[in-house]
Amino acid sequence: MDALEYIVCPSCLSELEIIDCRVEDNEILEGTFQCVNCKLSFNVKEGFLDLTFPPQLHKRDEEWRNFYDEHAVSYDEELIDAVVNFGKLFGVKDREEARSYIIQGRETLVESLNLEKGFYVLDVATGTGDFIPLIYKRIGEDGLIEGLDISMKMLQVARRKASDYRIKRVNLTIGNAAFLPYKSETFDAVLHMGGINTFGDIKRALKEMVRVAKVGSKIIICDEGLSPDLRETPTGKMLISLNRLFESTPPVEYLPSNVRDIKLYWIWSDLFYVIEFVKSS
Ligand SMILES: C[S@@+](CC[C@H](N)C(=O)[O-])C[C@H]1O[C@@H](n2cnc3c(N)ncnc32)[C@H](O)[C@@H]1O
């Protein structure tokens, strides 16, 4: 299946048709898509289809999109700086150790998705795309990775990295996690890491991630939020005073009813919560 076969209007979930486009090397570089039902139009910008909806975003989504647009180029290095800073408390000594500490956590999450060759995987808020090679390693060339993010600048970095790794079956789309532009029951696994705490509509985003997953698929959500034990300690209190996002709690109360086998645990030295579940119907 090609990406254009599962991409739909984020507002009414109807098909999109190409109105006009400029194609180079089989890629649509510029153009316009229109919904066959509600007639909303969506532009292709610098090779990315922008399916962001609604046009007037929730204030928080707009603020964070601007933040990530501004930080995209330096984001990966800033993340390592942050891990070196906080990591001192957990035995991470330098940038090299910080890099492997980050990768280890990412591997744990991807491993838990139980991926198989040929799977279609959605990475919601893919950012600079560091999960893409880890997913690709497991699903191979017959699989497909769809990466969605609200920040085009973050996706530009992800596209460069995917091309460096020569990963072909990856499609990157600009969009809002609360209005996913995909047909229902498309993906064999859904991953989200690092954005849900600040989403404007967390409940809708979770419902959407479940909607686009096939029945029986694994869905994994991870973000900052200290474990109950750590948040009561002096270290926990200090971490929260340095970064308020560490105060966040896992949004389990917002999970839709059509999920089963819910597991809640913490990774990265108890700094990040993980909610893992399976779509039941
Ligand atoms: C901390 S970064 C994490 C990126 C990536 N998942 C990772 O693990 O490195 C958070 C990402 O969420 C994206 N984001 C924030 N709000 C969003 C929304 N409402 N819909 C889609 N993406 C969003 C940001 O643009 C940013 O790329």
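**Start at helix α7**

Select residues 202-212, helix α7. Its buried residues are Ala205, Leu206, Glu208, Met209, Val210 and Val212. Keep in mind that this is a predicted model. What covers those buried residues of α7? Show the strands: the cover includes β5, β8, β9, β10 and β11.

**Zoom out to the whole chain**

Now display the full protein chain. Its secondary structure comes to 9 helices and 11 strands. Along the principal axes, the C-alpha atoms fill a box of roughly 60 × 40 × 40 Å. A compact globule of 281 residues would have a radius of gyration near 19 Å, and the protein chain, at 19 Å, agrees. Colour by burial next: 38% of the 281 residues count as buried. Then turn to contacts between residues at least 6 apart in sequence. Of these, 62% join residues at least 24 apart.

**Walk across the sheet**

Hide the helices and keep the strands. The 11 strands form an open sheet with mixed pairing. Follow the order β1-β2-β3-β4-β7-β6-β5-β8-β9-β11-β10. Which strands stand at the edges? Select 16-24 for β1 and 259-267 for β10. Each has a single partner strand, so one side of each is left without a neighbour in the sheet. From one strand to the next, the twist averages 15 degrees.

**Stop at β3 and β4**

Select residues 41-45 and residues 48-50. These are strands β3 and β4, paired in the antiparallel sense over 2 bridges. Pick Lys45: its bridge partner in β4 is Phe48.

Bring two helices back onto the sheet. Helix α4, residues 95-112, packs there and touches β8 (187-193), β9 (213-224), β10 and β11 (272-279). The direction of α4 makes about 160 degrees with that of β9. Helix α5, residues 132-139, also packs on the sheet. Here the strands touched are β5 (120-124), β6 (144-149) and β7 (170-174). The direction of α5 makes about 160 degrees with that of β6.

**Step along β4, β7, β6 and β5**

Move from β4 to β7. They run parallel and are joined by 2 bridges. Pick Asp50; opposite, in β7, stands Ile174.

Now select β7 alone. Is β7 enclosed or open? Of its 5 residues, 4 are buried, so β7 is largely enclosed by the rest of the structure.

Go on to β6. It pairs with β7 in the parallel sense over 5 bridges. Label Glu146 and find Asn171 opposite in β7. For β6, 6 of the 6 residues are buried, so this strand too is largely enclosed by the rest of the structure. Show its side chains. Leu144, Glu146 and Leu148 point one way. Ile145, Gly147 and Asp149 point the other way, and all of these β6 residues are buried.

Take one more step, to β5. It runs parallel to β6, and 5 bridges join the two. Tyr120 stands opposite Leu144 in β6.

**Look at how the helices pack**

Select α4 and α5 together. At what angle do their axes cross? The axes come within 10 Å and cross at roughly 40 degrees. That makes α4 oblique to α5. The crossing is right-handed. For the residues that meet, label Arg106, Glu107 and Val110 in α4, then Leu134, Ile135 and Arg138 in α5.

Swap α5 for helix α3, residues 75-87. The angle between α3 and α4 is about 100 degrees, and their axes are 9 Å apart. That makes α3 roughly perpendicular to α4. On the α3 side, the contact is made by Leu79, Ile80, Val83, Val84 and Gly87. On the α4 side, look for Arg95, Ala98, Arg99, Tyr101 and Ile102.

**Finish at Ser269**

Centre on Ser269. Where does Ser269 lie? It sits in the loop between β10 and β11. Ser269 has 19 other C-beta atoms within 10 Å. Buried takes 20 or more, so Ser269 counts as partly exposed. Last, draw a C-alpha to C-alpha distance from Ser269 to Leu230: 9.2 Å in space. In sequence, Ser269 and Leu230 are 39 residues apart.

Key. Residues are numbered from 1 along each chain as its sequence is written. This is a predicted model: local features need pLDDT of at least 70, side-chain atom pairs count only at pLDDT 80 or more; totals for chains, interfaces and linings use all residues. The radius of gyration is taken over C-alpha atoms; the globule rule is 2.2 Å times the number of residues to the power 0.38. A residue is buried if 20 or more other C-beta atoms lie within 10 Å of its own, exposed if 12 or fewer, and partly exposed in between; C-beta atoms are placed from the backbone. Two residues are in contact if their C-beta atoms, placed from the backbone, lie within 7 Å. Two strands pair if DSSP finds at least two bridges between them. Axes are lines fitted to C-alpha atoms, for helices over the stretch in contact, and angles run from 0 to 180 degrees between N-to-C directions. Angles under 35 degrees count as roughly parallel, over 145 as roughly antiparallel, 65 to 115 as roughly perpendicular and the rest as oblique. A crossing is left-handed if the near helix is turned anticlockwise from the far one by less than a right angle, and right-handed if clockwise.
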